[in-house]
Amino acid sequence: MTIDTEPLKSVSDIERTTLMTFIPGRIAVMFGGRRWRGLAPLAVLVVLCVLITIANPNFIELRNLVRLANSAAVPLTLAMGLTFIILMGSIDLSVEGTLSVAAMVVVLLAANDSNGNDYGWWAVLAAVVAGTVMGLISGLVQTMLRIPSFMATLGMWFIGLGLSVYMLGGSAIRLNDASIRDLALYRFLGLPLAVWVAVGAFALAAIIQYHTRLGRHILAIGGDEDVTKLSGVNVTRVRIAAFALAGFFFGIAGVLAAAQLGQSHAVIGDGRLFAAVTAVVVGGTALTGGEGGVVNTLIGVLIVTVLANGMILLGISPYIQQTVQGLMIIAAVALSLDRVRLKIVK
Amino acid sequence: MKDRNSLTLSGTISRRTLMVSAAAGAATLAMPKVLRAADKPTLVTSIRSLSNPYHAVWKTGAEAYAKWAGLEHVTLVSEGNSEKGIADIKAMLAKTNGNMVLNSDPNDTPDARPIVEACAKAGAYVVTQWNKPADLHPKDFNPNYVSHIEFDGISSGKTIAEILFKTIGGKGGIVALGGLISTTAAIERKKGLDAALAANPDIKLLDFQVANWKSTEAFDLMGNLLTRFGDDIKGIWAANDDMGSGALEALRAENLAGKVPIVGVDGIKTAVDAVRTGEFACTVTSDPFWQGGMGLAIGYNAKIGKFDPAKEPPEHREFYGKAVLISHDNVEEYYKTNVESKPEMDWNDLWGRVTGAIRA
């Protein structure tokens with residue numbers, strides 16, 4: 001007598017899979033299932049705001065909201081650039097290097113306490129151009145030398161950092177140009193100009209992503225590069241353009257950072273890379289590319305900023321703040337991506 | 001298809017070319033700059049990085065001493081990498097055949113031991129600053145391990161706290177910004193703050209937060225603290241000037257600069273400027289110019305036999321240096337002698353800034 005074991009085996013396989021996806025599945029149902037998945041980061045943000053407000057009503061004071069917007073300005077501008085790169089499924093590690101180059105250029109060309117230059121707003125233009133050129137080089141290195149973006153931009157990070165260490169002579173140089181400092185100090189409709197610049201950067205990024213060919217091609221490359229190539233898209237050109245675009249946003253962020261701190265030193269970018277990547281991912285843009293976008297990133301940046309602000313308002317000890325931050329990141333990512341659909345988790 | 005192949009190939013070739021040229025570049029860098037005369041020792045400075053103002057001034061001090069003494073000087077930078085720091089020193093020992101004087105700010109506490117052992121083995125003279133394990137003593141490596149210099153973080157933290165309290169009239173709330181939690185300097189400076197707080201019961205520490213030594217983090221943190229405490233904040237204590245200047249810019253964005261006094265440690269130029277304008281109440285510096293120059297001077301004088309390390313008292317072997325306080329009273333003078341021009345140092349006054357042996 002023979003028993004056909006084949007059907008039995010496959011049944012047990014199915015059962016195992018069901019079990020493994022049971023818990024995430026339940027969570028998904030709890031939050032309204034797949035349809036509402038895209039709104040999960042927004043829900044996290046709202047819940048966070050409500051909880052912090054209950055604990056400390058100072059949170060929704062106008063003064064605090066202005067401060068929140070102000071501290072979100074630089075990360076938002078940075079994250080706009082990074083979003084396009086992550087959407088392509090690549091990564092740009094040159095964030096800190098490019099930012100410090102831009103901050104160095106603006107401080108050294110505008111009125112400062114180290115040399116006699118005083119080119120005013122031309123310095124800002126030069127800084128943004130410098131950022132864009134850094135991005136352009138990253139893109140060219142990646143596509144022409146065929147080096148993965150991780151390594152190419154890691155190289156650019158160190159090149160940028162080395163360049164600003166050399167140019168600044170290792171010291172902090174003050175920015176004395178009052179009109180550039182006004183980016184941080186002058187207020188229009190109650191908000192510092194830096195916030196308006198960041199809002200402008202967001203608008204520009206949104207237009208590029210949703211209304212231009214470049215934006216769609218970037219998304220398509222992240223979805224499936226081979227298919228995109230076969231559809232006749234010049235992938236190389238799109239990649240170079242995307243990295244240059246990212247550099248452009250990093251350049252703006254560098255100018256804002258220098259204006260806010262009133263000085264530039266080589267380590268002005270320290271910790272910004274990680275904050276930017278966290279914001280992009282927490283917002284729901286997948287590191288694998290092809291999913292998410294600049295609106296997600298806006299919410300991600302707000303989550304990270306509100307969380308930092310909230311932890312101070314709640315008086316959470318600095319010794320455990322990082323732990324809370326880590327927990328929040330895992331929670332936000334767990335909610336925002338459809339884990340059940342993922343076949344492989346690397 | 002052929003096109004694509006050749007494209008790939010061209011990529012490979014240029015990458016290889018790049019590698020070859022990179023290797024060639026590295027080899028050029030590794031070549032000795034000058035061939036030394038055998039008799040005069042080389043002065044070697046080993047520091048963490050040139051990207052912070054502190055070590056940049058350190059290097060200036062070292063170069064000033066080398067010029068004064070008429071010796072060749074080499075700066076090694078570890079870039080925060082302990083292995084690189086130690087390997088570079090060993091390479092210098094091999095190159096100079098041990099005929100060198102090293103003034104080192106070891107990247108990390110454990111690094112001091114291999115550095116000292118390598119120097120003692122090669123017959124070089126070494127002075128370490130800031131970091132060494134508690135069980136590593138200059139007296140165990142006579143005569144090569146000449147001295148170890150530190151600055152008392154507790155007393156710095158306490159001094160600036162007392163000046164801050166006096167500036168705000170002896171009562172009210174303050175917030176404190178601490179350095180990277182695990183570092184000795186951060187722990188000691190906070191101890192100093194705590195001691196000053198204990199002696200001034202009318203001062204209330206509203207909150208102690210950590211900004212990891214960075215102005216950027218202090219900037220964001222300060223905005224949040226202003227939300228939480230608002231006008232209750234009468235003064236700001238920062239464990240270093242960089243964080244203090246970040247906090248200052250956050251105040252400036254809210255039109256509070258100069259109204260809430262700040263104190264810090266390090267004496268960086270931004271802070272000195274802020275003391276001049278009254279936005280900082282004071283800052284205290286270990287004087288990296290002195291550290292960079294005098295560390296070499298102590299080592300060199302031992303090397304040429306001006307003094308015998310073995311016969312020096314314990315407070316010349318492991319000591320706290322005297323920190324320089326820069327406040328409203330002396331800032332103009334300090335600015336003239338240290339910022340506008342290079343400081344004049346009496347390099348023969350080896351032990352002038354010894355304040356006592358390091359606490360066990």
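In this predicted model, 32 residues of chain B are in contact with 33 residues of chain A, two residues being in contact if their C-beta atoms, placed from the backbone, lie within 7 Å. On the side of chain B that touches chain A, at least two residues each come from helix H1 (2–30), helix H2 (53–69), strand E7 (203–210), helix H7 (215–229), helix H8 (241–253) and helix H9 (269–277) of chain B. Helices (H or I, at least four residues) and strands (E, at least two) are DSSP runs, numbered from the N terminus. H7(B) gives the largest share of this side, 11 residues. By character, the side comprises 11 nonpolar, 13 polar and 8 charged residues; Ala, Val, Leu, Ile, Met, Phe, Trp, Tyr, Cys and Pro count as nonpolar, Asp, Glu, Lys and Arg as charged, and the others, Gly among them, as polar.

Residues are numbered from 1 along each chain as its sequence is written, while chains are lettered from A and ligands numbered from 1 in the order in which they are written. Local features need pLDDT of at least 70 and side-chain atom pairs count only at pLDDT 80 or more, whereas totals for chains, interfaces and linings use all residues.

Turning to chain B as a whole, it holds 12 helices and 13 strands. Of its 360 residues, 50% are buried, that is, with 20 or more other C-beta atoms within 10 Å of their own, C-beta atoms being placed from the backbone (exposed: 12 or fewer; partly exposed: in between).

An open sheet of 7 strands in chain B follows the order E2-E1-E3-E4-E5-E11-E13, with mixed pairing; two strands pair if DSSP finds at least two bridges between them. Strand E2 (73–77) and strand E13 (354–357) of chain B are at the edges with a single partner strand each, so one side of each lacks a neighbour in the sheet. E2(B) runs parallel to strand E1 (residues 42–47) of chain B, joined by 5 bridges, and B:Val44 has B:Val74 in E2(B) as its bridge partner.

Helix H6 (residues 184–199) of chain B offers a closer view of the packing. Its buried residues include B:Ala185, B:Leu193 and B:Ala196, along with the charged B:Glu188, B:Arg189 and B:Lys190. Among the elements covering the buried residues of H6(B) are helix H5 (153–167) and strand E6 (172–178) of chain B.

Chain A has a mean pLDDT of 85, with 86% of its residues at 70 or more; pLDDT is the predictor's confidence in each residue, from 0 to 100.
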